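Colleague: Hi, have you got a moment to walk me through this one? I'd like to start with the strands.

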Amino acid sequence: MDSKKQSARISRQTWHFAEDVRVQASAVSVGPKEGEGPLSSYFDQIHDDVYVGQQTWEDAERKLMEDAVTILLQKASIKEQDVDVILAGDLLNQNITTNFTAEKLEIPLMGMYGACSTSMLTLATAAALVNAGYVKKAIAACSSHNATAERQYRYPTEYGGQKPPSAQWTVTGAGAGLVGIGGKGPRITYATMGKVTDMGIKDPFDMGSAMAPAAVSTIHAHFQDTGRSPKDYDLIVTGDLAAVGYPIVKELMLAQGYAMEDMYNDCGLMIYYPEQEVFAGGSGCASSAVVTYSYIMDQLNRGLLKRVLVCATGALLSPISYQQGNSIPCIAHAVAFEGGA
């Protein structure tokens, strides 16, 4: 299944990138709480206040994405005009973070939305465009902010509403990756696009339980389509299932014959220390983005990890949908990487 002669389309869900598609550079900008976590040394920029020097939470999130892309361009030693397209998304209505950021960058935009799965949705699509030759260089980016997400999906931070232990802490940050052919950086080998799953869960404070089956569906499809198994990866991470969804994935995958105990982790558990009072763990677009574009890229580039599967998870709810009694449909998209050497 790893032959470069193999067809780009393995199945309805899985693509193989026969060309030498790589994440040539990546960058991350985060807020103060993320900067106090265990991965702080891997982040390019840590802001010391959640307003990021701006007047509103929404402007702060926009600044985070702008910073991530700006740092990325600097690290890659290229300019905006060298990039053919930016594929980006966020959690806010009409993708306002993405749209306002792209206006300043003056790079052709493909705005995308997959809720918290947007990090791998944008990266997989960027890789497909580069692999097919439609673009030479593409940026994949996404962002989230704790206060903007709380205001849109639940209750404003200022309200001080109480939350159950199953709730999660939306990551304040943005991540961006530059995708192109050849050069240095981890190679993107496969992408498995998820199907929407809905297990009937209606509680917006229990995203882990809602999203776990979507992650299982996509990871299982990836293994079936590629002929790989958990042991073929040094690390398999989900995006933001945290302490509630993480054990559910392990249990459901084991029931399907895949033991993932030794190599499985979750970005929502990796980004914070338990004592940081983040309920069940991290969530949001930036959860998988900042972990992938910092720690995971670093480990692949240094040869400490050889193969990694990142399965970003997303809950496709809106404030209106769950207030009207609808359950929460979810999706997960996975991208496979190989070391940058």
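Modeller: Happy to. One term before we begin: a residue counts as buried when its relative accessible area is under 20%. Also keep in mind that this is a predicted model.

Colleague: Fine. How many residues of strand 13 are buried?

Modeller: Nine of its nine residues, so by that cut-off of under 20% strand 13 (residues 307-315) is mostly covered.

Colleague: And which residues sit on each side of strand 13?

Modeller: Arg307, Leu309, Cys311, Thr313 and Ala315 are on one side. Val308, Val310, Ala312 and Gly314 are on the other, and both faces are covered.

Colleague: Which strand pairs with strand 13 in the parallel sense?

Modeller: Strand 10 (residues 235-238) does, over four bridges. One pair to look for there is Ile236 with Leu309 of strand 13.

Colleague: And which one pairs with strand 13 in the antiparallel sense?

Modeller: That is strand 14 (residues 330-338), with nine bridges. Arg307 stands opposite Glu338 in that pairing, and Arg307 is among the buried residues of strand 13.

Colleague: Nice. Let's move to strand 6. How many of its residues are buried?

Modeller: Seven of its eight, so strand 6 is mostly covered as well, given the cut-off of under 20%.

Colleague: What does strand 6 pair with?

Modeller: Strand 4 (residues 85-89) pairs with strand 6 in the parallel sense over five bridges, and Leu87 stands opposite Ala140 there. Strand 8 (residues 173-181) runs antiparallel to strand 6 and is joined to it by eight bridges. In that second pairing, Cys142 has Gly175 as its bridge partner.

Colleague: Now a helix. Is helix 5 largely enclosed or open?

Modeller: Helix 5 (residues 146-153) is largely enclosed by the rest of the structure, because seven of its eight residues are buried. Those residues are Asn146, Ala147, Thr148, Ala149, Glu150, Gln152 and Tyr153.

Colleague: What covers the buried residues of helix 5?

Modeller: The cover includes helix 2 (57-76), strand 6 (137-144), strand 7 (169-170) and helix 10 (319-323). So the strand 6 we just talked about turns up again, as part of what covers helix 5.

Colleague: Switching to backbone angles. Which residues should I look at for a positive phi?

Modeller: Have a look at Ala115 and Glu277. Phi is near 55° for Ala115 and near 60° for Glu277, and neither residue is a glycine.

Colleague: Why would you point those out?

Modeller: Because most residues other than glycine have a negative phi.

Colleague: Where is Ala115, and is it buried or exposed?

Modeller: Ala115 lies in the loop between strand 5 (109-111) and helix 4 (118-132). Its relative accessible area is 1%, so Ala115 is buried.

Colleague: And Glu277, buried or exposed?

Modeller: Glu277 is exposed, because its relative accessible area is 66%. You'll find Glu277 in the loop between helix 8 (267-270) and strand 12 (282-283).

Colleague: What else is in the loop between helix 8 and strand 12?

Modeller: Ala280 has its place there. With a relative accessible area of 8%, Ala280 is buried. The C-alpha atoms of Ala280 and Ser166 are separated by 5.5 Å, with their positions 114 residues apart along the chain.

Colleague: I also marked Asp49. Where is it, and how accessible is it?

Modeller: Asp49 is in the loop between strand 3 (45-46) and helix 2. Its relative accessibility is 29%, so Asp49 counts as partly exposed. From Asp49 to Leu105, 56 residues apart along the chain, the C-alpha separation is 24 Å.

Colleague: Let's zoom out. How many helices and strands does the protein have?

Modeller: Ten helices and 14 strands.

Colleague: How does the radius of gyration fit a compact globule?

Modeller: It agrees: a compact globule with 341 residues would be near 20 Å, and the protein has 18 Å. The C-alpha trace spans about 55 × 50 × 35 Å along its principal axes.

Colleague: What share of the residues is buried?

Modeller: Buried residues make up 62% of the 341. For contacts with a separation of 6 or more, 79% come from residues 24 or more positions apart.

Colleague: Last topic, then: surface and charge. What are the totals?

Modeller: The accessible surface comes to about 13400 Å², and 50% of that belongs to carbon and sulfur atoms. There are 26 positive and 36 negative side chains, with the centres of the two sets 9 Å apart.

Note on methods: Residues are numbered from 1 along each chain as its sequence is written. This is a predicted model: local features need pLDDT of at least 70, side-chain atom pairs count only at pLDDT 80 or more; totals for chains, interfaces and linings use all residues. Side-chain values use heavy atoms; hydrogens and water are left out. Helices (H or I, at least four residues) and strands (E, at least two) are DSSP runs, numbered from the N terminus. Buried means under 20% relative accessible area, exposed over 50%, partly exposed in between (1.4 Å probe, protein chains only). Contact means heavy atoms within 4.5 Å. The radius of gyration is taken over C-alpha atoms; the globule rule is 2.2 Å times the number of residues to the power 0.38. Accessible areas come from the Shrake-Rupley method with a 1.4 Å probe; for residues, only the protein chains shown count as cover. Lys and Arg count as positive and Asp and Glu as negative; His and the chain ends are not counted. The place of a charge is taken as NZ of Lys, CZ of Arg, CG of Asp or CD of Glu. Two strands pair if DSSP finds at least two bridges between them.
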